[in-house]
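Hi,

Here is the structure I promised to pass on. Have a look at it first, and then read my notes below.

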Amino acid sequence: MWTEPSAKNPCEMVVLPKSSWEYLEVEKKFRATLGRHKAQIVSIQRIQNRRLYFAYVKEKEEVQEKLARHGKTSSKSVELELWHGTKEEAVEHITVKGFNRSLAGSNVGRKLGFGVYFAVNSSYSFTYASLSVGQQRNMFLCKVLVGQYTLGKLDLLELPLMNESVSSVDRFDSAVDNLTTPTIFSSCFRDHQAYPDYLITFK
């Protein structure tokens, strides 16, 4: 449940109480796929950025309409919760402005193309959650519009068309490492395709 916004600060960072169901749920998801990594959570913050969120909701509607045009109405979710580890210097920009495609591959390379990279497992994103000066790491739990995805390839600049016989402009939404059981998604080839929902700071 979002709190009331401040007129002076359109992006609110709400620290969750450690005893709250919301904190415990996010912590459970974080630890479920952390694997061999050890993590002591410092804080979990809910990100309340109305401008980014409403833009994300609008993008979700457009993705759903596009998939309907192509007869893609299967039970496969358009939206997934995925992890994104980052360095401390990038945290404020992501929470206020969203994910930056111009920095695509700056940490992980471009093996799936020039998108922003998200992972199914927090253990993978742990690798990219760089230690800060204060010996802490940062990882986002994000809502990501993975939509209809295709197999990624090195330095892919633009996702391919879904079906030219249906539309000459509709493209896939994400690139993945494996079509059957994807674990890495390269998304955000378009603006507002992901929303940073929670920030976990840990050491």
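How many of the 9 residues of strand β2 (residues 41–49) are buried? Before I get to that, please keep in mind that this is a predicted model. The count for β2 is 8 of the 9, so the strand is largely enclosed by the rest of the structure.

You can see some of that company in the strand pairing. Strand β1 (residues 11–15) runs antiparallel to β2, and 5 bridges join them. If you want a spot to look at, find V14, which stands opposite R46 in β2. β2 also pairs with strand β9 (residues 194–202), again in the antiparallel sense and over 5 bridges. There, S43 has T201 in β9 as its bridge partner.

Next up is strand β8 (residues 184–187). What covers its faces, or rather, which residues sit on each side? I184 and S186 are on one side, F185 and S187 are on the other, and all of them are buried, which leaves both faces covered. β8 has pairing partners too. Strand β4 (residues 116–119) is joined to β8 by 4 bridges, with the two running antiparallel. Strand β7 (residues 174–176) is also antiparallel to β8, joined by 2 bridges. S186 is a good residue to click on here: it is the bridge partner of Y117, and also that of A175.

Now for a single residue, G85, which is found in strand β3 (residues 79–86). Is G85 buried or exposed? Its relative accessible area is 8%, and under 20% counts as buried, so G85 is buried. Leaving aside neighbours within four places in sequence, G85 is in contact with S125, Y128, A129, N138 and M139. G85 and A194 are 109 residues apart in sequence, while their C-alpha atoms are 14 Å apart in space.

A194 brings me to the last item, since this residue is one of those lining the second largest pocket. About 160 Å³ of space lies in that pocket. Its lining includes a run you can pick out by number, K97, G98, F99, N100 and R101. L52 is there as well, and so are C188, R190, D191, H192 and Q193. By class, the lining has 4 nonpolar, 4 polar and 4 charged residues.

That's what I have for now. Shout if anything is unclear.

Cheers

Key: Residues numbered from 1 in each chain as written. Predicted model: local features only at pLDDT ≥ 70, side-chain atom pairs only at ≥ 80, totals over all residues. Heavy atoms only, no water. 1 Å grid on protein atoms, 1.4 Å probe; cavity = no way out; pocket = protein on both sides within 12 Å on 5 of 7 lines; lining within 4 Å. Points joined across faces, edges and corners; volume = space filled by probe spheres on them. Nonpolar A, V, L, I, M, F, W, Y, C, P; charged D, E, K, R; others polar. Buried < 20%, exposed > 50% of the residue type's maximum accessible area, 1.4 Å probe, protein only. Contact = heavy atoms within 4.5 Å. Pairing = 2+ DSSP bridges.
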